[in-house]
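Me: Could you take a close look at one part of this protein for me, the nonpolar patch on the surface? I'd like to know what it is made of and what sits around it.

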Amino acid sequence: MDDKMLGFLMEQIDMGWRGDRGFKVEAYTSVANSMNGAHSEKYLFTADTIKNRCKKLKANYAFVTEMLNASGFGYDNSTHCIVVDDEV
């Protein structure tokens with residue numbers, strides 16, 4: 001689900017709906033509408049829902065980045081997983 005959202009957000013960037021301080025309200029609304037259309041009323045997305053998901057993804061990204069910068073952690077491109085040395 002988040003991969004579709006990221007794709008819709010990338011479209012908003014291409015259309016210029018992301019400013020210096022983040023996405024504009026119109027971008028969140030447009031992504032919410034696109035997500036609602038893509039999930040055929042299984043979920044109800046709002047602009048606030050999309051904004052909160054972006055905050056959560058940003059926090060997770062920061063956590064994973066910090067982990068990968070620590071000693072003993074790495075990333076396996078073939079399995080798309082974080083790998084950890086046995087000593088850790």
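Reply: Let's start with Val64, which lies in helix α3. Keep in mind that this is a predicted model. Val64 has a relative accessible area of 32%, so it counts as partly exposed. That is just past the 30% a residue has to exceed to be part of a patch, and Val64 does belong to one: together with Phe63, Leu68, Tyr75, Ile82, Val84 and Val88 it forms a nonpolar patch on the surface. Taken together, these residues offer about 590 Å² of accessible area.

Where do the patch residues come from? Two elements give two or more residues each, namely α3, which spans 47-69, and β4, which spans 81-84. Of the contributors, α3 gives the most, with three residues.

Now for the strand side. β4 pairs with strand β3, residues 73-76, in the antiparallel sense, and the pairing runs over four bridges. Two of the pairs involve patch members. Tyr75 has Ile82 in β4 as its bridge partner, and both of these residues are in the patch. Phe73, meanwhile, stands opposite Val84 in β4, and Val84 is another patch residue. If you're tracing side chains along the strands, here's a handy rule: in a regular strand they alternate between the two faces of the sheet.

The two strands also make a hairpin, with four residues between them. His80 is in that turn, in the loop between β3 and β4. With 58% relative accessibility, His80 counts as exposed. Its backbone deserves a glance too: phi is near 55 degrees, which is a positive value in a residue other than glycine. For context, most residues other than glycine have a negative phi.

On the way from the helix to the hairpin you pass Ser71, placed in the loop between α3 and β3. Ser71 is exposed, since its relative accessibility is 70%. It also gives you a distance to a patch member: Ser71 and Val84 are 13 residues apart along the chain, and their C-alpha atoms are separated by 9.2 Å.

Since you work at the bench, you may want to know about the cysteines. Cys54 lies in helix α3, the helix that gives the most to the patch. Cys54 is buried, because its relative accessibility is 16%. Cys81, on the other hand, is partly exposed, with a relative accessible area of 38%. How many disulfides are there? The count comes to zero; for a disulfide, two cysteine sulfur atoms would have to be within 2.5 Å. Cys54 also has a distance to Tyr28 that you can check in the viewer: C-alpha to C-alpha they are 9.7 Å apart, with their positions 26 residues apart in sequence.

One last stop is on the other end of the helix. His39 is found in the loop between α2, which covers 25-38, and α3. Is His39 buried or exposed? It is buried, as its relative accessible area is 13%, whereas His80 counts as exposed at 58%. The side chain of His39 has a polar atom 2.9 Å from the backbone oxygen of Met35.

Terms used
Residues numbered from 1 in each chain as written. Predicted model: local features only at pLDDT ≥ 70, side-chain atom pairs only at ≥ 80, totals over all residues. Heavy atoms only, no water. Patch = residues over 30% accessible without salt bridge, like charges linked within 9 Å, V, L, I, M, F, W, Y side chains within 5 Å. Areas by Shrake-Rupley, 256 points an atom, 1.4 Å probe, with all protein chains shown as cover. Salt bridge = Lys/Arg side-chain N within 4 Å of Asp/Glu carboxyl O. Buried < 20%, exposed > 50% of the residue type's maximum accessible area, 1.4 Å probe, protein only. Pairing = 2+ DSSP bridges. Polar contact = N/O pair within 3.5 Å; in protein donor to acceptor, adjacent residues only side chain to side chain.
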